[in-house]
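Hi everyone, thanks for coming. I'd like to walk you through a model that may be new to you, and we'll begin with how its chains meet. Please have a look at the screen.

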Amino acid sequence: MIINHPLLGPRDAQEFTYLGDAALIDRPDGLSYPTPDAAMDAMHDYLYQRSNPAGEHRELWYHEQGDRSWLVVTRNTVTHEITRVELARDVARMRGRSK
Amino acid sequence: MRYSGFRVIREALTGHKGWGPAWRDATPQASYDYIIVGGGGHGLATAYYLAKEFKQARIAVVEKGWIGGGNVGRNTTIIRSNYLLDGNEPFYEFSLKLWEGLEQDFNYNAMVSQRGIINLFHTDAQRDAYTRRGNAMILHGADAELLNRDQVRAMYPFLNFDNARFPIKGALMQRRGGTVRHDAVAWGYARGASDRGVDIIQNCEVTGFRREGGRVTGIETSRGFIGAKKIGVAVAGSSSKVMAAADMRLPMESHVLQAFVSEGLKPVIDGVMTYGAGHFYVSQSDKGGLVFGGDIDGYNSYAQRGNMPVVEDVAEGGMSLMPMIGRARLLRSWGGIMDMSMDGSPIIDKTDIDGLYFNGGWCYGGFKATPASGWCFAHLLATGNPHPTATAYRFDRFRKGLMIDEKGQGAQPNLH
Amino acid sequence: MADLSLKPITPLGNDAPVRVTIGPVTIAEVVDSAFASLTRRMGQDIAAVAKGAGIPLPAAGKVEQGATYGAFWLGPDSWMVEAPFASHEDIVAHLKPVFGETASVTEQTDAWARFDVTGERLPALFERLCNYDIARHGAGSASRTMLEHLGCYVVIRSATHISVLGPRSSAQSLFHALETAAHSAF
Amino acid sequence: MSQKNRIEGGQIDRSRSLSFRFDGKSYQGFAGDTLASALLANGVRLMGRSFKYHRPRGPLSAGSEEPNAIVQLRSGARQEPNTRATVAELFDGLEATSQNRFPSLSFDVMGVNDLLSPFFAAGFYYKTFMWPAKFWESVYEPIIRRAAGLGALSKQDDPDQYDKGFLHCDLLVIGAGPAGLAAALTAGRAGARVIVTDEDFRLGGRLNAETHAVGDQSGADWAAAVVAELSALPNVRLMPRTTTIGAMDHGIYAAVERVSDHLPVPAPGKPRQILWRIYSGRAILAGGATERPIAFENNDRPGIMLAGALRAYANRWGVAVGERVAVFTNNDDGLRTATDLAAKGVDVAAVIDTRTGGPLLPGIRHLQGAEVIGSSGRLGLSAITIRHANGKTETLPVTALGVSGGWNPNLNIASHHRGRPVWEESIAAFVPPKDGPAGLSAAGAAAGLFSTHAALRSGAEAAVAALEDLGLKAALPDLPRAEDAPVAITPKWYVAGKGRAWVDQQNDVTVKDVKLAHQENFVSVEHLKRYTTLGMATDQGKTGNILGLAVMAELTGRSIPETGTTIYRPPYTPVAMGALGGRSRGHEFKPTRLTPSHKWATEQGAVFVEVGMWLRAQWFPKTGETTWRQSVDREVLATRASVGICDVTTLGKIDIQGTDAGAFLDKVYANTFSTLPVGKVRYGLMLREDGIVMDDGTTARMGENEWVMTTTTANAVPVFRHLEFVRQCLCPDMDVQLISTTEAWAQYSVAGPNARKLLQKLVDQDISDAAFPYMACGAITVKGIRGRLFRISFSGELAYEIAVPTRYGDAMIRALMEAGAEFDSVAYGTESLGVMRVEKGHVAGNELNGTSTALNMGLGKMVSKKKDAIGMVLSQREGLVAEGGYRIVGVKPVDPAKPLTAGSHFLETGAAAVAANDLGWLTSVVYSPHVGSSIALGYLKNGEARKGQRLRAVNLLAKTEVEVEIVSAHFVDPEGVRLRG
């Protein structure tokens with residue numbers, strides 16, 4: 001596969017390491033819950049539950065053998081067609097993450 | 001119709017006119033007591049044991065395409081019970097015992113062949129881990145041996161012992177491990193189930209579950225609604241898709257695993273071998289092809305095909321382990337979809353919806369599990385309780401911190 | 001008392017750099033440049049000071065050579081700065097005063113084994129080593145890519161001069177790969 | 001030697017005669033021959049035996065689709081089983097032997113299978129061999145395995161080299177026949193980067209095998225002229241002997257170039273084959289078409305071949321396969337074979353045409369509405385039996401028969417993304433799917449366009465369209481005149497009859513087997529294939545598959561498109577494993593990482609061990625030491641008594657800078673770091689999000705905003721990846737910068753009571769306990785060289801880790817040993833490192849096993865609940881904090897003489913060896929010269945409470961057990977006095 005890196009252009013996916021669903025960006029704040037159980041519920045859903053769609057999938061790839069950018073790649077899991085590639089850092093900020 | 005050597009001879013002399021269909025092609029009835037969604041190995045085995053061992057009736061298996069067309073028809077045919085953890089080992093040993101009696105049980109020669117499996121190790125840490133595992137296996141009543149380098153060499157002299165980047169130091173061996181003719185497993189279960197009155201319905205795709213007050217009452221299919229008291233889903237490769245129709249998210253991702261077969265060769269590799277320093281495992285089929293594979297491609301996929309990096313990675317492992325295969329030719333590659341769970345172990349459990357049961361998340365260990373998976377799923381469906389060897393395969397183990405993580409990779413499906 | 005002063009060795013483990021010629025190409029171990037990574041700190045602007053100090057900050061995928069300093073792009077807001085080893089052995093000491101707390105600077109000289117490949121038909125060699133399209137990118141391009149299972153920087157200084165920077169501990173494996181590929185290609 | 005069947009003409013170089021051997025017998029051929037054409041020229045038709053019935057077989061084809069003429073090429077370590085004689089390029093001294101026969105090809109005792117064939121019908125083995133149960137493995141299967149298989153591996157290492165590479169182009173053209181050449185010409189002249197691959201050693205495809213003209217020259221001459229023009233274009237790369245084996249994602253194609261297979265041995269330094277990964281903007285499949293036979297009784301005898309092949313042998317190789325030939329066809333293309341052979345003076349006895357009406361061939365006995373219903377000849381065709389339109393039968397003596405059932409486009413690659421082929425009635429064949437790989441189009445015969453004119457035109461047009469997609473302009477070249485005959489075919493799949501009519505010749509699948517599969521409900525094409533093995537031979541059913549499914553379609557009453565095809569998968573033709581492995585084998589399987597002290601350690605005769613990619617010194621044998629234990633005991637005792645030195649460069653080092661670095665470390669470590677003063681080091685515990693320990697190590701604060709993290713050797717890469725994930729994806733606004741410095745610094749551990757004394761001789765600054773206390777760190781100089789010093793200890797002794805730029809690493813170890821001489825300092829390796837860390841109770845690889853928590857490791861208190869560090873929340877799940885869980889303990893044998901074994905399990909005294917009684921296991925075992933016995937760390941259920949208890953450490957693999965005492969994991973200096981000394 002070829003991932004069209006937003007900064008470097010087309011690169012062989014072999015240079016990247018795959019993590020999984022881009023929802024892993026949306027990490028809950030473990031201290032923001034009324035009880036430890038509630039925090040565990042939220043963290044459990046975050047870490048273990050997956051939509052795993054047959055079709056469009058937003059997912060995290062790390063350019064390990066390249067510039068070490070984490071990317072959010074929008075890819076069809078049935079055809080492998082890639083329709084969008086973004087820097088994960090930008091996506092994280094768009095989702096309201098900061099420090 | 002019972003198969004036997006005499007029968008084969010008689011048919012041969014009379015032009016094979018007497019052979020009937022191996023299984024009936026059934027058309028859906030209005031309703032059943034049990035519907036098994038998925039006509040793969042696990043689904044067919046479930047129906048077979050429901051009828052034969054748990055004396056249940058009014059059972060149907062519905063299959064989207066043709067039976068045995070999923071991973072049971074597309075794998076590297078290995079059976080073994082060389083697991084480490086308490087949650088797994090009893091189940092896989094139960095499965096191996098079922099394999100050992102399978103052909104006589106369902107009167108079909110699936111060519112269960114216990115020619116032994118060895119896991120090579122190349123470091124002291126791997127040796128320690130295999131020692132721990134071998135002991136765990138024996139504690140669970142399985143067989144295990146630790147071979148030293150010379151014992152491995154005597155067994156497979158053509159391995160790379162003298163010019164290796166990662167020298168072979170020994171191996172964990174399970175003599176009762178081996179291979180099975182994978183397609184025949186599906187056909188044998190289908191035939192056995194069909195003979196016991198199970199309706200096998202091909203080309204019937206499930207499009208939804210009908211629910212009334214928190215319990216399932218049947219399935220919507222491409223061939224209309226079919227009612228059911230209990231529904232068991234065993235659709236490896238499509239688990240998330242099918243369960244989404246019941247509004248469930250699963251702790252798993254679907255990944256593609258490629259596997260390969262070489263041209264037919266005279267016998268050279270007797271048993272099954274896994275390489276401890278690369279992603280490569282191999283056996284040789286009765287037909288002569290080297291059947292081998294390695295790692296999954298590593299990204300979510302339903303495409304049933306992979307890409308070159310893994311093909312090359314596997315070949316590099318093979319060439320570094322047994323440089324003689326440089327002149328053997330790869331004949332065919334294929335890709336199957338693995339439901340990779342979050343700890344690398346499966347789920348056989350009730351769902352929160354009454355009457356709906358789930359069997360999946362087998363990663364790439366599903367084939368060897370087929371008999372026990374069918375038996376244990378049938379047990380759960382028929383009795384409502386998990387089979388003693390499958391009590392750990394629960395949905396809530398992740399929430400409770402009771403993961404069954406053989407590889408110690410954590411919630412990273414593509415590393416299991 | 002014995003002389004305890006320290007003498008350096010090359011990445012390939014010798015007193016002097018190695019150099020071989022195979023067909024039209026020469027592969028040379030290079031030890032006369034010092035390297036440091038330069039990364040802009042959050043919210044800082046370093047363009048002006050860099051310019052003032054003659055330190056180029058090339059765009060993504062590019063390499064640029066200044067009078068004393070050269071640099072190629074490592075990642076977002078991050079560059080590998082090169083300078084002559086003789087004058088800049090302690091390159092960090094040169095760069096810190098320039099950037100102060102506006103950038104993070106880390107010595108990288110000995111993190112890498114540098115091999116310069118010179119000669120004609122370099123694409124014919126590199127097509128057997130990495131998937132980086134030498135012909136399309138051309139002179140002035142630089143990229144990290146996979147080469148013989150190693151993460152290496154391929155720096156195209158000109159059509160006939162390419163530097164390969166690989167992990168220093170794997171210098172021998174990398175050099176062997178370059179040699180083998182050259183024999184295979186020419 | 002006479003080449004009795006050689007006739008004039010063809011593209012062979014008669015000035016270059018080549019000698020070769022087949023089954024020990026010597027023959028002559030010419031440059032340009034294949035092994036098959038050369039053998040046929042010499043009158044040899046029998047070249048192989050079939051898989052199941054061991055039937056005598058000769059070539060069916062003249063190309064890579066060959067199912068029958070499968071031989072063993074070369075000998076010794078280069079022995080190459082299952083080689084298709086029809087594509088094996090002849091070279092001087094070529095050596096080939098027939099395979100799958102005993103004792104000889106002409107007399108094969110396994111031929112008895114043919115007589116027993118009624119018992120070996122499709123799937124018979126599923127119905128028998130089940131009694132008694134044990135007999136399968138012990139009796140039946142071994143016999144089957146011995147009988148199965150085709151050629152044999154040498155069991156020796158492949159002596160040849162292989163290579164890999166990456167190519168980039170705008171347009172990839174797969175196949176260099178008329179369509180491919182026209183496409184390449186169009187794109188090449190437009191200046192696009194073009195790559196043309198063709199499996200043949202001579203470019204031109206069918207143009208080399210046909211007689212009709214292209215423009216005013218012969219097809220072969222036109223092809224040669226175009227090839228000459230293309231070779232002159234710098235932007236075009238012609239790759240003969242290169243098979244494109246598969247379509248991957250996003251325009252990537254895999255191709256294998258056979259660089260040296262046409263040579264006796266590869267030239268020095270040159271590979272046998274190269275695997276190319278081709279990155280294309282667009283691709284055109286111009287792979288031509290494959291002819292299919294018509295099945296009839298005994299249609300598999302040597303001498304019976306595809307009509308197009310019979311023609312190709314005559315036109316391209318100047319070989320008349322038989323002195324008297326016939327043609328059996330259901331289409332006009334078959335008639336060409338008759339006319340071409342007749343024109344070459346070959347005696348064409350008859351053309352048996354299943355069709356009626358239409359013009360008769362002039363001057364040739366053209367029997368319309370007739371069928372071939374049988375053949376005879378034990379080891380080769382001697383006669384065929386014809387049934388005339390009027391029902392009369394006739395036996396016609398011929399030694400060769402050309403059969404044509406029509407042509408199938410070679411669409412495989414277009415279906416590699418699982419697109420389903422489309423049935424085209426007008427040619428009675430499947431054409432490429434509409435939903436093939438993105439960017440791939442088909443042209444010429446591969447697209448079902450069979451005339452030369454249509455091939456040329458479609459190739460050129462496909463190129464124009466492909467370039468347009470890429471924003472490049474190309475003009476249609478003025479194409480030469482060429483034949484444009486329409487396809488005239490009346491489908492005929494098999495001739496009904498009592499006997500066996502072969503569908504898959506190599507695997508011996510007959511029409512009867514297909515019928516039996518149908519009878520037993522194996523009607524899906526996938527079931528048909530798997531039950532009968534149709535299409536599973538080395539040719540993957542290139543000639544037989546469509547035939548088989550046509551028969552099944554007829555039986556089920558479904559149409560052929562309804563019946564469908566099986567899935568097309570890579571590779572297009574079989575590929576040598578060596579090519580897929582490339583250079584990565586032997587010691588080059590993976591790169592080797594060497595430590596800075598490697599050169600010195602080698603001089604010391606150190607024993608090395610693989611640690612990941614690293615080679616590390618395991619121990620340093622001294623003269624007189626005969627066992628590794630002696631060396632390791634000496635190293636450990638000397639270190640604890642005085643001072644020892646160990647290269648610890650392999651530990652991961654990560655430079656962490658930025659104003660938020662402290663907060664960042666608080667996020668990724670379970671314990672707190674932001675409070676650490678400058679100049680101090682702290683031990684850190686890193687968790688995965690699931691609460692399991694990921695890694696541990698020390699992190700030093702070198703400056704206000706400058707930190708240096710160390711990781712374990714094994715986890716350096718995953719930890720860095722994890723840090724980048726937290727930095728970019730979870731905390732995108734933190735001011736933190738990361739870079740690895742693992743390779744930049746050579747780092748040595750100097751441990752033991754005399755460590756300070758030794759180091760002070762080299763370090764220019766004061767490192768007294770007052771100036772440089774326990775857990776201090778800082779920049780120093782070593783004889784004027786910049787360095788770093790960390791006062792940390794893994795051994796429990798007074799210890800430091802000192803770092804200098806890697807280029808000085810070699811000098812540093814020499815200097816340390818020199819300076820340490822007065823203290824009898826020793827160098828120690830990974831074994832002693834392991835002994836001392838176990839003596840001190842430090843966890844390492846065997847304890848950091850990916851399933852253990854801080855609590856398991858006795859480090860539970862390190863997990864701060866006050867901050868939301870990665871893994872904190874989930875580390876508190878009930879299953880992970882349950883009472884009685886695994887805790888790390890120290891283990892000692894009650895009898896010091898008894899050795900322990902890592903991996904042994906804990907059982908209580910008297911408890912049966914069953915899983916229910918399993919209490920845990922020994923993780924790490926060493927011999928401690930300090931304790932004077934084997935000691936171990938272990939994970940033990942409720943371990944804390946069991947200290948002082950006696951248990952059994954059982955190793956059921958070796959049938960040994962040792963009574964052990966559970967003790968504290970700290971075997972030396974539990975109070976930690978020494979390291980603060």
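One term before we start: two strands count as paired if DSSP finds at least two bridges between them. Please also keep in mind that what you see is a predicted model.

Here is a place where that term comes in. Strand β16 of chain B and strand β31 of chain D, which covers residues 575-576, pair in the antiparallel sense over two bridges. So that you can find the spot on your screen, look for B:Arg329, whose bridge partner in β31(D) is D:Ala576.

That pairing involves chains B and D, so let's look at their contact as a whole. Which two chains share the most contacts? Of the five pairs of chains in contact, it is chains B and D. On the B side, 85 residues take part, and they meet 95 residues of chain D. Several elements of chain B each supply at least two residues to that side, including helices α1 (5-13), α3 (89-106) and α4 (124-139), and strands β12 (252-264) and β16 (329-341). If you sort this side of chain B by class, you get 35 nonpolar, 27 polar and 23 charged residues.

Chain A also meets chain D. Here 26 residues of chain A and 22 residues of chain D make the contact. On the A side, α1 (36-48), β4 (56-62) and α2 (88-94) each give at least two residues. Helix α1(A) has the largest share, with five residues. By class, this side of chain A holds 14 nonpolar, four polar and eight charged residues.

And what about chains B and C, how far apart are their nearest C-alpha atoms? The answer is 11 Å, and these two chains do not touch.

Now let's stay with chain D for a while. Chain D has 981 residues, and 62% of them count as buried. Its secondary structure comes to 22 helices and 51 strands, and its C-alpha trace spans about 115 × 70 × 55 Å along the principal axes. Among the contacts in chain D with a separation of 6 or more, 66% join residues 24 or more positions apart.

Let me zoom in on one strand, β35 of chain D, residues 644-647. D:Gly644 and D:Cys646 point one way from this strand, D:Ile645 and D:Asp647 point the other way, and all are buried. Which strands pair with β35(D)? One is β41 (residues 745-751) of chain D, which runs antiparallel to β35(D) and is joined to it by four bridges. Another is β45 (residues 826-827) of chain D, paired in the parallel sense over two bridges. You can follow both pairings from D:Gly644: its bridge partner in β41(D) is D:Ala751, and its bridge partner in β45(D) is D:Val826.

For a helix, try α17 of chain D, residues 716-730. Its 15 residues reach 20 Å from the first C-alpha to the last, close to the 21 Å expected at 1.5 Å a residue. Among the buried residues of α17(D) are D:Val719, D:Phe720, D:Leu723, D:Phe725 and also D:Arg727.

On to the nonpolar cores. The largest one has 513 residues, and the members that touch the most others are C:Val81, D:Ala183, D:Ile284 and D:Val750. Helix α9 (residues 366-383) of chain B brings the largest share of this core, nine residues. Apart from this core lies another of 19 residues, among them A:Phe16, A:Ala22, A:Trp61 and A:Ala92. Coming back to D:Val750, and leaving aside neighbours within four places in sequence, its contacts include D:Val643, D:Ile645, D:Leu758, D:Tyr800 and D:Leu816. You have met D:Ile645 already, as one of the buried residues of β35(D).

Last stop, the domains of chain B. The assignment gives domain 1 as 20-81 + 83-108 + 182-250 + 343-415, and domain 2 as 117-178 + 253-341. Taken over C-alpha atoms, the centres of the two domains are 27 Å apart. Where they meet, 30 residues of domain 1 are in contact with 29 residues of domain 2. On the domain 1 side, β3 (78-79), α3 and α7 (239-244) of chain B each supply at least two residues. The largest share there, four residues, comes from α3(B). This side of domain 1 has twelve nonpolar, 13 polar and five charged residues. And α3(B) may sound familiar: this helix also supplies at least two residues of the side of chain B that touches chain D.

That's my tour, thank you for listening!

Technical notes:
Residues are numbered from 1 along each chain as its sequence is written. Chains are lettered from A and ligands numbered from 1 in the order in which they are written. This is a predicted model: local features need pLDDT of at least 70, side-chain atom pairs count only at pLDDT 80 or more; totals for chains, interfaces and linings use all residues. Two residues are in contact if their C-beta atoms, placed from the backbone, lie within 7 Å. Ala, Val, Leu, Ile, Met, Phe, Trp, Tyr, Cys and Pro count as nonpolar, Asp, Glu, Lys and Arg as charged, and the others, Gly among them, as polar. A residue is buried if 20 or more other C-beta atoms lie within 10 Å of its own, exposed if 12 or fewer, and partly exposed in between; C-beta atoms are placed from the backbone. The expected span of a helix is 1.5 Å times one less than its number of residues. A nonpolar core is a set of buried Ala, Val, Leu, Ile, Met, Phe, Trp, Tyr and Cys residues joined through C-beta atoms within 7 Å. Domain bounds come from an automatic or database domain assignment.
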